[in-house]
Amino acid sequence: MVPTKPTVVPLPFWVRGDTNAFFGFGVNVLVNVLTLTGLCLAVVNLPEGEVFGTILPALGIALVAGNVYYTHLARRLARRENRADVTALPYGPSVPHMFIVIFVIMLPIYLRTRDPVRAWEAGLAWAFIIGVIVLIGAFVGPYIRRYAPRAALLGTLAGISITFISMNPAGQMWRMAWIALPVFALLLIGLLTDVKLPFNFPIGLAALLLGTAIGWAGGAMSVPDVTAAARDIAIAVPSVKLDLLLTGLADMAPLLATAIPLGVYNFTEGMTNVESAATAGDNYNLRSVLLADGAGAVIGAALGSPFPPAVYVGHPGWKAAGGRSGYSMATGVVIALLCFLGMFGLLAAIFPTAAIVPILLYIGLLIGAQAFQATPRAHAAAVVAALIPNIAAWATGQIDNALAAAGTTANAVGDEALNGAGVVYDGLLVLGQGAILAGLVLGATVVFIIDKRFVRAAIFAGSGAVLSFIGLIHGERIEWNANGPVALGYLFVAAICAVFALGRIAPRVPDPEEADLDRRHGRADPVATAERTDADQRTPAVSG
C-alpha cells in the first residue's frame, strides 16, 4: 500500500478577513503616528520639515520592514504546521515609548536649551540604546518565558492594555461621545459577534466612515484646515542621520536611567505579546521576534526616528477579525507610503480623532478578557496582582500631568498634603516604577503561592528583591540600593516561602481544564503535567 502524501493547505496572500484586520489595525497605527507627529510639533517644537521630512520617513522604513518580516514569520509558521489560519503579529511604534521619549527625554532638554535639535539627538540616542537592550533580551527572554507563569505574563499585558492603551482613548471618546459611541458599537458588533455587514463590507472601514460622516455633519471638522494641510503635502525620502545619533550618544550616561528599565520593558512586553499569540493558537519563536524589534529600533534611530517600534498588543483581536498574513504587510506598506508622502497632516484634518480611537478601546477589552480566559481560574488573583503595578504607573502619570497643568509638582505640594487628600502618591510612585517587570514578578509569586510551589515563589520573590535593590523595579533610577526597604520586603516574602517549602507541602492539583489550556497555549510545564497525570489517575472517568 502506497502511503498518501498529506494534503498541503494553500496559503493565499490575502483573505477576506485580512480586509477587516487591515482597516482595524491600520487605523490603530494611524492613530499612533498621528499622535507622535503632534507630540513632535506641539511639545518639542521640532520644525515641520524635520518631522515630515526625516522622522516620519525613517519610521516608515522601520514599519514596512518589520511588518513584511512578520508576514514572513506567519507564512513560515503556517507552512510548518500546514494550516491556513495563522495570523501575523501586529507591529508599529511603541505607544508608551512615544510619550516617554517626548516627555521624559526630549522635553526636559528642550526646556533647558530651547534647542529642539539637541532634544532630538537625545531621543535618537535613547531609542538606539533601547534597541540594543532588546537585542540582548532576545537571548534572555525565551528563558523568562519558559519559567514565568501564563497568568503573570498575560496579567501584565492586560495591565498595559487597560491603562496606557485604553484609558486615554476612552476619555477622548466620551469627550465626543456622539461621534465615538456609534463607531464603538459598530466595531463591537462586527468584531465580537458573527454578524456581517451587507456584501461583507469591512467593519473597520465602515466604522471609520460612519464616525467621519457624523463628525463632518455635526460641524466637528473644518474645510479650511483640510485645505491648509493639503498645501503641506510633499514627498520625503529617508536618509541616514548618524551624525545626530552619535552626538546624542556622546552624552548617553543620563539616558541609561530610563533606557535600561524601558529596554527591559520592551523585551518583556514583546515576550507577553508572543505569549498572547501562543494562547490564541500561533506559537512564534520569541527570539526571532525580539531580534526584529531590537533591529527596528536601532535602524530607525540611525535614520532619524526616536520612536522604537515593537510588536503590538492585540494579535488575538486581529485573529478573531479574520486577519491572517496579508493584513500586516499591507499595513506596513500603506503607513510607510503615507509617511513618505507627508500625508499625516491632511489625514488629521479629515478624520475626527473620536472616530479613530475606539479601535484602541476594543483592543483593551479583548486583551483584558484574554488574561482571565486563557489562564486557570485558580490563578485569577495572580492576574489581578500583575495588573496592579501598571495601574499605579498610569495613576501617577495622571497625577503628575494634572499638577503640571496647575503649574506645580508632587514634590512642591508635598506627600503630607497629598496623603491628607487621600492621594497615596508616594506609594503609587514606588509601586509603578518598572511596572511591566514588577507585574511579572508579583504575578508569578502569587501564582506559585496559589499552587503551593513555594520554592519557585521564593525564587521570584528573591528576584524582586534584587531588581528593587538595583532600581529596575520600584526605583526612580538605576543605582545601587535604589530602594532598600522594598527589596527587604521582597526578601522577607522569599524567606517566608522558603520556610513553607521546608514543610514539603504537596502542590495544588491542577484542574482538569488546565490540560486543555496548556495544549492550546503551545507548551506544558513538566511538573504541572506530572501532577495532572497523577490527578487524572485518581479521578474516575466520566462519560457523556
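## A walk from a buried lysine

At 15% relative accessibility, lysine 319 counts as buried, so select that residue to open the tour. The model in your viewer is a predicted one.

**Stop 1: lysine 319 and its partner.** Now add aspartate 282 to the selection. Lysine 319 and aspartate 282 form a salt bridge, and their closest N and O atoms are 3.0 Å apart. Colour the chain by secondary structure and you will see that the pair links distant parts of the chain: lysine 319 belongs to helix α13 (residues 315–320), while aspartate 282 is in the loop between α11 (256–279) and α12 (286–303), 37 residues away. Is aspartate 282 buried or exposed? Aspartate 282 counts as buried, because its relative accessibility is 0% and the cut-off for buried is under 20%.

**Stop 2: glutamate 81 and arginine 83.** Select these two next. They form a salt bridge whose closest N and O atoms are 2.6 Å apart. Switch on the surface and compare the partners: glutamate 81 is partly exposed, with a relative accessible area of 37%, whereas arginine 83 is buried, at 17%.

**Stop 3: arginine 508 and aspartate 451.** Move on to another salt bridge, this one between arginine 508 and aspartate 451, with 2.7 Å between the closest N and O atoms. Arginine 508 sits in the loop between α24 (484–502) and α25 (513–521), and aspartate 451 in the loop between α22 (435–450) and α23 (454–470), so this pair ties together parts that are 57 residues apart in sequence. Both partners are worth a look with the surface on: arginine 508 is buried, with a relative accessible area of 14%, and aspartate 451 also counts as buried, at 6%.

Before leaving the charged pairs, select Glu81, Arg83, Asp85, Asp282 and Lys319 together: salt bridges that share partners join them into one network. How many salt bridges does the count come to? The count comes to five.

**Stop 4: serine 276.** Go to helix α11, where you will find serine 276. With a relative accessibility of 1%, serine 276 counts as buried. Show its surroundings, leaving aside neighbours within four places in sequence: serine 276 is in contact with Leu154, Leu157, Pro316, Ile367 and Gln370.

**Stop 5: a helix crossing.** Select helix α6 (residues 167–175) and helix α17 (residues 358–373). Their axes come within 8 Å and cross at roughly 135 degrees. That angle makes α6 oblique to α17. Turn the view to follow the handedness: α6 passes α17 in a left-handed crossing. Now show side chains where the two helices meet. On the α6 side are Pro169, Ala170, Met173 and Trp174, and on the α17 side Pro358, Leu360 and Leu361. Which classes of residue make up this contact? The contact of α6 with α17 has seven nonpolar residues, no polar ones and no charged ones.

**Last stop: the whole chain.** Zoom out and show the cartoon. The chain has 26 helices and two strands. Colour by accessibility next: buried residues make up 53% of the 544 residues. Finally, draw the contacts between residues at least 6 apart in sequence; of these, 82% join residues at least 24 apart.

Definitions and conventions
Residues are numbered from 1 along each chain as its sequence is written. This is a predicted model: local features need pLDDT of at least 70, side-chain atom pairs count only at pLDDT 80 or more; totals for chains, interfaces and linings use all residues. Side-chain values use heavy atoms; hydrogens and water are left out. Axes are lines fitted to C-alpha atoms, for helices over the stretch in contact, and angles run from 0 to 180 degrees between N-to-C directions. Helices (H or I, at least four residues) and strands (E, at least two) are DSSP runs, numbered from the N terminus. Angles under 35 degrees count as roughly parallel, over 145 as roughly antiparallel, 65 to 115 as roughly perpendicular and the rest as oblique. A crossing is left-handed if the near helix is turned anticlockwise from the far one by less than a right angle, and right-handed if clockwise. Contact means heavy atoms within 4.5 Å. Ala, Val, Leu, Ile, Met, Phe, Trp, Tyr, Cys and Pro count as nonpolar, Asp, Glu, Lys and Arg as charged, and the others, Gly among them, as polar. A salt bridge is a side-chain nitrogen of Lys or Arg within 4 Å of a carboxyl oxygen of Asp or Glu. Buried means under 20% relative accessible area, exposed over 50%, partly exposed in between (1.4 Å probe, protein chains only).
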